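Biologist: Before we turn to particular features, could you take me through how pockets, cavities, buried residues and cysteines are to be read in a model of this kind?

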Amino acid sequence: MKTIVAAINAKYIHTALSLRLLKAYAQDAFEIEMAEYTVKDPALHIVTDLYNRKPDVVGFSCYIWNIEETLNCVSLLKKVLPHVRIILGGPEVSFDPEHFMNREAGIDVIVMGEGEAAFKAILTAYSEDRALHHIPGIAWRGLSNNQVHEGQTAQAERIYIQPQADKIALDSIPSPYRLEEDAQEISKRIVYFETSRGCPFSCQFCLSSTEVGVRYFDKEQVKADLLYLIQHGARTIKFLDRTFNINREYALDIFQFLIDHHNGCVFQFEITADIMRPEVLAFLNEHAPKGIFRFEIGVQSTNEETMRLVKRRQNWDKLCRTVNLVKEGGKIDQHLDLIAGLPGEDYDSFRNTFNDVFALRPEELQLGFLKLLRGTGLRRDAERYHYQYMEDAPYEMLSNDVLSFGDVVRIKQTEDILEKYWNDHRADHTIDMLLALAFDTPWDFFQRFGTYWAEQGWSRIGHQLADLFVRLEQFLAAEQVQHQGAIRGMMQLDYLLQHKHKPRTIWWEALPKQEMSEWMSYAAAHASTLSSAQGDADGTLEWTEGYLHKHAMVHRLSFDLAHWQEHRELDDSKETVLLVLFGNAASKAEEQGDRRWNIIY
């Protein structure tokens, strides 16, 4: 009996841990192949690949990002392989199995919740030609005898649902991280890793609220698996634990282990910031190498009534303390999440939430929209808040009793600019200046620019790097902001800093060649001072005039940059001339945390 477990991932670099868990648990009894695709793969290509493998059983892992593509593949696969048995599992189908089985007749079985034991039991039943009624935690199609008349009966198909049993013992699951077929791929793709299952909180917008308590995998096995992945070239490991830091001692032990063995690998954790103890942060700030840890922090809202309605406990002051301590340490990047559309949060309240969180200046701020996921409390209570939402995945909200669809559109326009300029770090210095000089709040800048962007029709066309700056300049001109000369100079600096190598073209008029040469001569004459300030204390770079012409640019600002950096006040009584570095000199400066420019006048 040939079995394939398949998943349609969002991107090629992603991996489906679910497939590896299923295979690891059942491979002692069954031969199982894995097949991974992406949402960009045409359904017919996926079905053709599966058809050519000639499976007897195919199991699909289902999430909101792939359910529509998966159902399409199921329908096509059943037409070309009528006798193949198709099993679906995953969070998207676990909470309403009848809906999906009624929608797609090609589905034979749906596994609800944890799938390792149920999937193996199904394969055992298939291999022994036995019924499935004894297997807990599944929905399946079967025949029932229906009374017709005068003692006659007729068989009709119906859907049976067997309630879930107790949770699986995590120590009984073999390691899913050491499969032979993954050995050559570990360094090329993101590895998803779990040290625990469950969540201690009851947030009504989250599927984790459906599982009570937290269960941990054996810590020594966790360490052994992590070491195996690191030694086999893993570059990024994302931990799937819903609250990695809920157990302080456990988290500290894993942090220490990763610090000791990281080998350049990057580790991402989802943490609850307001319960992070200061001593843990002090430990990380002192011992963690820069750049190996990344924290994802779900803030969602700063509206206390909204937090009460979704049953989320959050201490804003302690959350801010954690974010600020991490930022001060300079070792860990932070990704903060917001959710627009939660109950009780209207447009003005969300504007306040955004400004509250942006004031923390996280490296990334994700502005997401509420999804009414099957199985969540908010999906159940949707009528209470008059939610209108997409009927099919991803079930994104369209409006509710305090947030109109027009408000949602404006927030989406804000999100677009936030992603392009802040999260991609295209114009950090410019945005810092704009928020100090030209706009009352961060929201005012991002939202008004977002609306302007949409009105110009730019959402429908592509853009190069230079376009981002030209369009920002056009918006600022339309807004008639003050200090446009100083802001334009800062935009030009940000543009230069986006390039690893000296750009061949710029979108403004360069300094005259004679003036540029004079400044290069001046910089070469003061090379020892300048190179030392830019991370070249050992003098390995030859800061000759010829070298600087090839690997540096002179940039003029119409204001005193040093005064601006110290006081956040614009002093245009003195201009500033910068030497901006590219190539090896720039790389050395960045490695040592130094700026890529030096003030030469």
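**Reading pockets, cavities and contacts**

Modeller: Let us begin with the second largest pocket, which is lined by 41 residues, and of these Lys290, Glu363, His425, Asp428 and His429 lie nearest its centre. A pocket here is an open set of points on a 1 Å grid over the protein atoms alone, with protein on both sides within 12 Å along at least five of seven lines, whereas a cavity is a set of points where a 1.4 Å probe fits but cannot get out; lining residues have an atom within 4 Å of a point. This is a predicted model, in which local features need pLDDT of at least 70 and side-chain atom pairs count only at pLDDT 80 or more, while totals for chains, interfaces and linings use all residues. Residues are numbered from 1 along each chain as its sequence is written, and side-chain values use heavy atoms, with hydrogens and water left out.

Biologist: How much space lies in the second largest pocket, and which elements supply at least two residues of its lining?

Modeller: The space comes to about 1,400 Å³, a volume being the space filled by probe spheres set on the grid points, which are joined across faces, edges and corners. Helices (DSSP runs of H or I, at least four residues) and strands (E, at least two) are numbered from the N terminus. Those supplying at least two residues each are H11 (316–329), strand E14 (333–340), H14 (405–423), H15 (428–437), H18 (484–497), H22 (561–567) and H23 (583–591), and the largest share, 4 residues, comes from H18. By class, the lining has 11 nonpolar, 10 polar and 20 charged residues, where Ala, Val, Leu, Ile, Met, Phe, Trp, Tyr, Cys and Pro count as nonpolar, Asp, Glu, Lys and Arg as charged, and the others, Gly among them, as polar.

Biologist: Which residues of H15 are buried, and what covers them?

Modeller: Buried means under 20% relative accessible area, determined with a 1.4 Å probe on protein chains only. In H15 this applies to Thr430, Ile431, Met433, Leu434 and Leu435, and their cover includes H12 (347–358), H14, H16 (442–455), H17 (465–479), H18 and H22.

Biologist: How many cavities of 30 Å³ or more are there, and which residues line the largest cavity?

Modeller: The count comes to 3 cavities of 30 Å³ or more. The largest cavity holds about 40 Å³ of space and is lined by Glu473, Leu476, Gln484, Ile487, Arg488 and Met491. H17 and H18 are the elements that give two or more residues to this lining, with H18 giving the most, 4 residues.

Biologist: Where does Ser301 lie, and which residues does Ser301 touch?

Modeller: Ser301 lies in the loop between strand E13 (293–300) and helix H10 (304–309), and is buried, with a relative accessible area of 0%. Leaving aside residues up to four places away in sequence, Ser301 touches Thr306, Met307, Gln314, Leu342, Glu345 and Thr353, contact meaning heavy atoms within 4.5 Å. The side chain of Ser301 also makes a polar contact with the side chain of Glu345 at 3.0 Å. A polar contact is a pair of N or O atoms within 3.5 Å, where within protein one must be able to donate a hydrogen and the other to accept it, and residues adjacent in sequence count only if both atoms are side-chain atoms.

Biologist: Why is Cys62 not in a disulfide?

Modeller: A disulfide is a pair of cysteine sulfur atoms within 2.5 Å, and by this rule the count comes to 0. The closest cysteine sulfur to that of Cys62 is in Cys73, 10 Å away, which is too far for a bond.

Methods. Buried < 20%, exposed > 50% of the residue type's maximum accessible area, 1.4 Å probe, protein only.
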